[in-house]
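Please find below my note on the model you sent. I have kept to what can be computed from the atoms.

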Amino acid sequence: MDSVIIGTGIAGLCAAYELGKQGCQVLVLEKQEEFGGNGKEALTGINLIGSSSQDARGITDSITQFKKDIYYAGSNQNDPTLVELLATKSKEFVTNLLKELDITLTDLVNCGGHSVTRTHKPANWPTGDSQSVGRLLVNQLVARLRALPNVKLLSSSRAIRLIVDEITLPIPSPSSVGTKDKQVTGVVYLNSQSEEIQVATKTVIMCSGGYMACRSGSSLLAEFTADLCSLGTATGKHADGEGIKMTRAAGGELVHMTNVQFDAFGIINQSDPSNLSKDILPSLIRSAGAIVVNADGKRIFNELDLSKKMASALLH
């Protein structure tokens with residue numbers, strides 16, 4: 001196997017699609033019955049700069065401004081290499097991907113954290129029989145992957161362990177003779193019949209998502225952000241941090257684990273208000289002009305500001 005991809009959110013599906021098109025032998029593991037993870041819940045749109053939709057509306061945007069907004073949203077803790085990649089390469093990649101998947105995003109909305117209107121969404125969404133951008137991407141990617149003979153998609157298949165072997169590194173100089181390192185060479189997973197399967201692979205791509213859904217004493221939530229355990233989450237039950245724990249056990253380094261995105265607009269189920277599993281009010285509603293007021297009817301923040309700023313205002 002050339003690659004095993006763990007998780008089928010949009011990141012995992014895109015990785016599988018790109019490798020599959022190149023002829024790589026790919027195994028994709030999803031522990032849920034349905035593919036898509038939190039990706040299928042992406043409701044608003046995709047941010048692009050310099051698109052034909054922006055040009056048609058006379059919107060001036062730039063890579064420089066996009067970078068500025070990204071750094072602002074990330075409190076300048078962003079990885080500069082990833083910011084550069086996102087700002088300079090995303091238009092080309094996303095435009096080509098949407099074309100291949102026959103997805104058209106012609107409508108534009110102004111979303112929080114963006115100084116320019118650059119969020120692209122499907123026409124007429126969320127009215128009629130239109131689908132959200134997340135559902136469109138997941139459905140089309142899964143369909144394309146199923147048509148590739150070199151890609152195997154498995155649902156109800158839970159990765160449980162990464163296999164790590166010691167290898168001898170290439171010798172760049174005489175002083176490094178015999179230098180050893182560890183490399184992931186396989187994955188162990190439980191199939192839909194709960195049988196343990198081991199597969200050898202050249203690479204593993206971990207796209208298993210976050211960790212907010214697990215609140216046990218040994219959870220990553222308790223380890224890194226224990227003060228958030230009492231707050232609700234919009235992530236599905238599958239986002240339990242298993243993939244992150246597997247990566248760390250195999251020697252992987254974890255970064256930015258305390259950086260958790262807040263959203264001020266969780267919907268409370270009136271019949272079960274204490275349930276910590278929430279749905280998120282789509283930002284399209286705020287983009288359309290909805291405002292938030294307190295018990296006195298006073299507006300308390302700019303609804304198109306960063307989520308963390310609005311959440312902070314509500315918490316404090």
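The points below go from the overall fold to the cores, a pocket and three single residues.

1. Status and overall dimensions. The model is predicted. The chain holds nine helices and twelve strands. Its radius of gyration is 21 Å, and this agrees with a compact globule, because 316 residues would then give a value near 20 Å. Along the principal axes, the C-alpha atoms occupy a box of roughly 70 × 45 × 45 Å.

2. Burial and contact range. Buried residues make up 38% of the 316 in the chain. Among contacts with a separation of 6 or more, 64% join residues that are 24 or more positions apart.

3. Main core. In soluble globular proteins, nonpolar side chains tend to be buried together. The largest nonpolar core here has 30 residues, and the members that touch the most others are Val26, Leu137 and Leu145. Two or more residues each come from α1 (10–21), β2 (26–29), α4 (80–100), α5 (133–146) and β6 (151–154). The largest share is that of α5, with seven residues. Beyond four places in sequence, Leu145 touches Leu13, Ala16 and Tyr17, together with Val151 and Leu153.

4. Second core. A separate core of eleven residues also exists, and Leu27, Val187, Tyr189 and Met246 are among its members.

5. Val4. This residue sits in strand β1 (residues 3–6). Val4 counts as buried because its relative accessibility is 0%, under the 20% limit. Outside its neighbours within four places in sequence, Val4 contacts Leu27, Leu29 and Val187, and also Val199, Thr201, Thr203, Val204 and Ile205. Two of these partners, Leu27 and Val187, are listed in the second core. From Val4 to Val26 the C-alpha distance is 5.8 Å, at 22 residues apart in sequence; Val26 itself is a member of the largest core.

6. Ile197. Which residues does Ile197 contact, leaving aside its neighbours within four places in sequence? They are Val187, Val188, Tyr189 and Asn191. Of these, Val187 and Tyr189 belong to the second core. Ile197 lies in strand β9 (residues 196–200) and is partly exposed, because its relative accessible area of 27% falls between the 20% and 50% limits. Gly113 is 84 residues from Ile197 in sequence, and their C-alpha atoms are 44 Å apart.

7. Gly243. Is Gly243 buried or exposed? Its relative accessibility is 4%, so Gly243 counts as buried. The residue is part of helix α7 (residues 242–249). Gly243 contacts Met206 and Ser208 once neighbours within four places in sequence are set aside. Between Gly243 and Leu162 there are 9.6 Å, C-alpha to C-alpha, at 81 residues apart in sequence.

8. Second largest pocket. The space in this pocket comes to about 260 Å³. Its lining consists of 15 residues, with Leu48, Ser52, Thr95, Leu98 and Leu105 nearest the centre. Both α2 (52–56) and α4 supply at least two lining residues, and α4 gives the most, with four. Helix α4 thus has a place in two points of this note, since α4 also gives two or more residues to the largest core. By class, the lining has seven polar, five nonpolar and three charged residues.

How values were computed: Residues are numbered from 1 along each chain as its sequence is written. This is a predicted model: local features need pLDDT of at least 70, side-chain atom pairs count only at pLDDT 80 or more; totals for chains, interfaces and linings use all residues. Side-chain values use heavy atoms; hydrogens and water are left out. A nonpolar core is a set of buried Ala, Val, Leu, Ile, Met, Phe, Trp, Tyr and Cys residues joined through side-chain atoms within 4.5 Å. Buried means under 20% relative accessible area, exposed over 50%, partly exposed in between (1.4 Å probe, protein chains only). Contact means heavy atoms within 4.5 Å. On a 1 Å grid over the protein atoms alone, a cavity is a set of points where a 1.4 Å probe fits but cannot get out, and a pocket is an open set with protein on both sides within 12 Å along at least five of seven lines; lining residues have an atom within 4 Å of a point. Grid points are joined across faces, edges and corners, and a volume is the space filled by probe spheres set on the points. Ala, Val, Leu, Ile, Met, Phe, Trp, Tyr, Cys and Pro count as nonpolar, Asp, Glu, Lys and Arg as charged, and the others, Gly among them, as polar. The radius of gyration is taken over C-alpha atoms; the globule rule is 2.2 Å times the number of residues to the power 0.38.
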